[in-house]
Amino acid sequence: AVVGGCGHVGLPLGLAFAQKGFAVDLLDVSPERAAEVNGGRMPFQEEGAEALLRQMLQAGRIRATTDPAVLDRAGVLIVTIGTPVDEYLDPSVGEFDRAMTDLLGRVRPGQLLVLRSTLFPGVTDRLARQLEQRGLTDVDLAYCPERIVQGQSLRELEQLPQLVAGTTTRAAERAAELFRAICPKVLFLRPIEAELAKLFCNAWRYINFAIANQFYVMARHFEADFHTIYHALREDYPRMASLARPGFAAGPCLLKDTMQLGAFNHGSFVLGQAAMMINEGLPYLVVQDLKRDYPLSEMTVGILGMAFKPNSDDPRSSLSYKLRKVLLLECKQVLCTDPFVPDPELTPLAEVLDRADLLIVGTPHDCY
């Protein structure tokens, strides 16, 4: 049983296990999303997933439900609920606890309980203590974080090693056996190490994007063409291959996990804090650049692309929306469009092209 089973983390994982012969229940709080999945339709973009979903539904290996009774009969429970960040930019552990309360009331001895999403460091061991206080010492608890590029989950699950951290040796061995069915290799860590590893991955990527964005802003300041520099310094020079392209760095994980790492380090994560200022400030710098060259107050501006990354339908934490917010204070009118994002407030592309005086590519979808 996958808790949060119709989401971006849970559904591809459930499909991967179903493909290997497991019987999978996808438990979700949304009846609409569960019905969509049971109808053979993916609620979001995931490469190769819709055909596999229909195949697994026809084979009777997977189904979505809102009935928590499926937890009672499952041998393995995989929880894809993470710890979000609250309005104070601190981890909301209380929200995670509330989500786990009902689950802890249902788990039974002998089950393997796997935590899958990002967790604030220490949460796995804390949950182990809660299980012990409830007398559930025979429930095996493990943390096995996902490190998948959204939209390519099915492919990457088969290619990437899985980090496995059990609160006991038996829990680690059971979790490893489970994931060996879908992954090429497992790597054992302690829970605190696995929790940090997940945060380190996303914070490293976020900082890498910030470096590129800082270089971009610096080049613009001196009226140099950053893209010319970028291609020149990377051509036949492998040591610069890891330098990211500049652009909006956002999404549901990178900023949030950098914040969580900063909170864990008692608010002292200088690199992460600098990266947040650079990446989150880029929409403001773009608009300031435009104001120097164009009379924005007299113009209708169109933003092409509202998803948080190219060729995605996910708008969560997208900086294109922050760009819109900044432009609304400066322009006569702002029009936004995206071929993938299901937002009723967006404008069709043809209308944006017809009405806009200035276009900004907020998300570089291939179609643009």
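Q: Hi! Quick one to start: which residue in β7 is the bridge partner of A142?
A: Hello! The partner of A142 in β7 is G166. Keep in mind that this is a predicted model.

Q: Noted. In what sense do β6 and β7 pair, parallel or antiparallel?
A: Antiparallel, over two bridges, with β6 covering residues 140-143.

Q: And what about β7 and β8, parallel or antiparallel?
A: Those two pair in the parallel sense, over three bridges, and β8 takes up residues 186-188. One spot to click on is L163, whose bridge partner in β8 is L187.

Q: How does the chain get across from β7 to β8, and with what handedness?
A: The path goes through helix α8, residues 169-180, and the resulting β-α-β crossover is right-handed.

Q: How many residues of β7 are buried?
A: Five of its five, so to speak the whole run of residues 162-166. If you look face by face, Q162, V164 and G166 are buried on one side, while L163 and A165 are buried on the other.

Q: Let's zoom out. What sheet do β7 and β8 belong to, and in which order do its strands come?
A: They sit in an open sheet of eight strands, ordered β3-β2-β1-β4-β5-β6-β7-β8, with mixed pairing.

Q: Why do β3 and β8 each have one side without a neighbour in the sheet?
A: Because they stand at the edges, each with a single partner strand. For reference, β3 runs over 62-65.

Q: How many bridges join β1 to β4?
A: Two bridges, and the strands run parallel; β1 is residues 2-3 and β4 is residues 76-79. In that pair, V3 stands opposite V79 in β4.

Q: Which strands does helix α2 lie across?
A: Helix α2, residues 31-38, lies across β2 (24-27) and β3, and its direction is at about 160° to β3.

Q: Changing topic: what is the strand order in the three-stranded sheet?
A: That one is β10-β9-β11, an open sheet with parallel pairing. From one strand to the next, the twist averages 20°. β10 (333-337) and β11 (358-361) are at the edges with a single partner strand each, so one side of each has no neighbour in the sheet.

Q: How many bridges are there between β9 and β10?
A: Five, in the parallel sense, with β9 at residues 300-304. Two pairs you can check are I303 with C336 and L304 with T337.

Q: And how many between β9 and β11?
A: Four bridges join them, and they run parallel too. Here G302 stands opposite L359 in β11.

Q: Why can I call β9 largely enclosed by the rest of the structure?
A: Because five of the five residues of β9 are buried. T300, G302 and L304 make up one covered face, and V301 and I303 the other.

Q: Where does α13 lie in this part of the structure?
A: Helix α13, residues 319-328, lies across β9, β10 and β11, running at about 175° to β9. Together, β9, α13 and β10 make a right-handed β-α-β unit.

Q: Now a helix pair. At what angle do α5 and α6 pack, and how far apart are their axes?
A: The angle is about 35° and the axes are 12 Å apart, for α5 at residues 93-104 and α6 at residues 123-133. Their crossing is right-handed.

Q: Which residues meet there?
A: From α5 you have V93, F96, D97, M100 and L104, and they meet V123, R126, L127, Q130 and L131 from α6. By type, this contact divides into seven nonpolar, one polar and two charged residues.

Q: Last topic, L353. Where is its place?
A: In helix α14, which spans residues 349-355.

Q: Why does L353 count as partly exposed?
A: Because its relative accessible area is 46%, and partly exposed lies between the buried cut-off of under 20% and the exposed one of over 50%.

Q: And how far is L353 from G305, in sequence and in space?
A: They are 48 residues apart in sequence, and 13 Å apart in space going C-alpha to C-alpha.

Conventions: Residues numbered from 1 in each chain as written. Predicted model: local features only at pLDDT ≥ 70, side-chain atom pairs only at ≥ 80, totals over all residues. Heavy atoms only, no water. Axes fitted to C-alpha atoms, helices over the stretch in contact; angles between N-to-C directions. Left-handed = near helix turned anticlockwise from the far one by under 90°. Contact = heavy atoms within 4.5 Å. Nonpolar A, V, L, I, M, F, W, Y, C, P; charged D, E, K, R; others polar. Pairing = 2+ DSSP bridges. Buried < 20%, exposed > 50% of the residue type's maximum accessible area, 1.4 Å probe, protein only. Right-handed = clockwise from strand over helix to strand, strands pointing away.
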